[in-house]
Amino acid sequence: MNVIIVGCGNVGSTVAETLSHDRHSIVVVDLDKSKVDLLTDEHDVLGVVGDGLNYQVLLKAGIEHTDLLVATMNSDEQNLLCCVMAKRSDRYCRTIARVRNPIYNTEISYLRRELGLAMIINPEYISASDIARKFQYPDSVTVETFTRGRIELLHVTVAHDSLLDGISVGSIRNKWKCDVVICAVRRGTEVFIPGQDSILETGDELTISATPGDAAAFFKKAKLYENRIRSCIIVGSGNVGYYLAKRLTDGGIRTKIVESDVERCDLINEEIPRAIVIHGDGTDERLLLREGLGGVGAFAALTGIDEENVLLTNFAMRVSHAKTITKLNRVNYSDISHNVNPENAVFPGILTAEYILKYARAMLDAESSFGNAYEILDGDATMLEFFVLEENEVTGTAISQLRMRGRTILCAITRDDRLMIPTGRDEIRVGDNVFLLTLEKDVNRISDVMSK
């Protein structure tokens, strides 16, 4: 695959390094010659020194024969414009833009659709979502995310004393009134798609798709929330803190934000009225103790200074039993991050690169332009994403009237970036992204597994 990466900061460099290890043809573009030279000297990539918004520079990088362009420059607007130029140069080139400004966050679906981009990714938003998942879900639950976090698959093991042991799959929706889909069950060495009459057993590993609200209702009714976090303190109300506070308060978690900038405090008060905003120095240990750090369920150190975040996290671990998260901006940080458990740290740059890499690798797995494929459950199953570009034989018909062929289940639909867990009354529409989990091979389009 031919890939151009415009912008050689942390994200661009990480993507270039990893994709070059996968033996793709990589060209990096940046105005800073030293950054380009560093990548070309250490990795099997080509480099072009120049402005990624200059068409002649893109031509020199090989834009006319490129499969994927990733724009990770410092300016959101430059990244979007670079992607538009790439699409105009080669309509088959897929493009990904990094966009960080919160003002664009509600417009991502519109921008992506109107500009023809494959993905717009917001590092702060996905970082906050990653933290929220770690805080909101029990430790026994693992989460896989796809396409910028628009869909989550939850993996839950049925314990011997669980309320899930011995009930049918259909009971979860019909009796418990939880809109979740049990997509797959691993029982011993066997993986299968359960029917409504399938009985769950101790030791079963369930793969579940659900909206965050429905997942919360499911965990509550299944008594999986015995040690659920009920309170959180966030130090730093930058974009990651803002998105995290909104997500946690929406989930019913009591959230306090400590921020030294009074104007930022006023903004958070207005935008997130359910959060408690504390104007003060987040590094003041006495202030944190007065605000209840000793008994809080979760603590997130999200200031803009990595050293402060590490010290704050270590203090929180000494005085409380809180789950902790540390935001670290620098990728190469072995000098002080050795005191931080990697599972309790979030690197926005690395996380952004991982999303981009997952999409790039999915492009290779997909055998048609209709969607992407993601291997899950150690390769025993595949999550397929299909883009419904036009009316076809499965659109406009109630899902209950569609016939599913083979070992396949409809897990979710995203419509305008809104996740839907489908019921029999719903229907597939043009513009939808449809997610199917299948145990079958050689599935290239929806009609291979679904028909009227």
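A nonpolar core, as I use the term here, is a set of buried Ala, Val, Leu, Ile, Met, Phe, Trp, Tyr and Cys residues joined through side-chain atoms within 4.5 Å. I note at the outset that the model I am reading is a predicted one.

Entry on the cores. I looked up the largest nonpolar core, which holds 50 residues, and found that F135, I234 and L244 are the members that touch the most other members. I then asked which helix gives the most to this core; the answer is α13, residues 348-365, which supplies seven residues. A second core, separate from that one, has 25 residues, and I4, C82, C83 and C93 are among them.

Entry on I234. Leaving out residues up to four places away in sequence, I listed what I234 touches, and the list includes G241, L244, A245 and L248, then T255, K256, I257 and V258, and also A300 and L302. L244, itself one of the three residues that touch the most other members of the largest core, is thus among the contacts of I234.

Entry on backbone angles. Most residues other than glycine have a negative phi, and with that in mind I looked up two residues that have a positive one. K177, in the loop between α7 (169-174) and β9 (181-187), has a phi near 60°. D378 also has a phi near 60°, and this residue lies in the loop between β18 (371-376) and β19 (381-387).

Are these two residues buried or exposed? K177 counts as exposed because its relative accessibility is 62%, against a cut-off of over 50%. D378, with a relative accessible area of 74%, is exposed as well.

Methods:
Residues numbered from 1 in each chain as written. Predicted model: local features only at pLDDT ≥ 70, side-chain atom pairs only at ≥ 80, totals over all residues. Heavy atoms only, no water. Helix = DSSP H or I, 4+ residues; strand = E, 2+ residues; numbered from the N terminus. Buried < 20%, exposed > 50% of the residue type's maximum accessible area, 1.4 Å probe, protein only. Contact = heavy atoms within 4.5 Å.
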